[in-house]
Number of protein chains: 2
Amino acid sequence: MYGLITRLTAYPGRRDELALLLMDPAVRKHGCHSYIVAHDLVDADVLWVTEVWADQPTHLSWSEDLRQSGAWRPIYGLMAKMDDSIQTRPLGGIGL
Amino acid sequence: MYGLITRLTAYPGRRDELALLLMDPAVRKHGCHSYIVAHDLVDADVLWVTEVWADQPTHLSWSEDLRQSGAWRPIYGLMAKMDDSIQTRPLGGIGL
């Protein structure tokens, strides 16, 4: 499996709109085992997205399809910054 | 819901033993919706644990019970360092 932990900073007051966009069920995430969007408890503009995908190619092709579909284009008006993702190899646990 | 993202550093060569301890099904995690243990893809000694609990009191009481049970006492021979957890409020997504 392939995992990502990413810190996103929304523009002030836009965090929940950004979260809704990320969780939009209309955007299918085939091959994704876990995709959790969470508020940071300290910084009111920060979201954490933790993801587990079948493998890295599955995630890459999803990202490319998403880019071409333009479904997340509104993100540029909501997200001030996206940190480099921490890349992981999920081993197991609860919720996979 | 209450979430945690934690970076653990194992002693050299002990990462997988540490991961197995963390994922030990004998240690019940009542009220835990997601508990994923993953290798860091860059640092061979680092694990990432991402957790989602019903709420913070549920997590605190589990931690206290675990401490008293001593079930994870071996962790001190396996884990060189535990960073401060990033605390989150999970909103939703896949795998919850």
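Me: What radius of gyration does chain A have, next to what a compact globule would have?
Reply: This is a predicted model, where local features need pLDDT of at least 70, side-chain atom pairs count only at pLDDT 80 or more, and totals for chains, interfaces and linings use all residues. Residues are numbered from 1 along each chain as written, chains are lettered from A and ligands numbered from 1 in written order, and side-chain values use heavy atoms, leaving out hydrogens and water. The radius is taken over C-alpha atoms, and the globule rule is 2.2 Å times the number of residues to the power 0.38. With 96 residues that puts a compact globule near 12 Å, which agrees with chain A's 13 Å.

Me: In what order do the elements of chain A run?
Reply: Helices (H or I, at least four residues) and strands (E, at least two) are DSSP runs, numbered from the N terminus. Chain A comes to two helices and five strands. From the N terminus on, that reads β-α-β-β-α-β-β.

Me: How much of chain A is buried?
Reply: Buried means under 20% relative accessible area, exposed over 50%, partly exposed in between, with a 1.4 Å probe and protein chains only. Of the 96 residues in chain A, the buried share is 44%.

Me: Which C-alpha of chain A is nearest the axis relating it to chain B?
Reply: Superposing by least squares on C-alpha atoms of residues with pLDDT of at least 70 in both copies, chain A lands on chain B with an RMSD of 0.0 Å after a turn of 180° and a shift of 0.0 Å along the axis. That's the relation of a two-fold axis. The nearest C-alpha in chain A sits 2.7 Å from the axis and belongs to Gly95(A).
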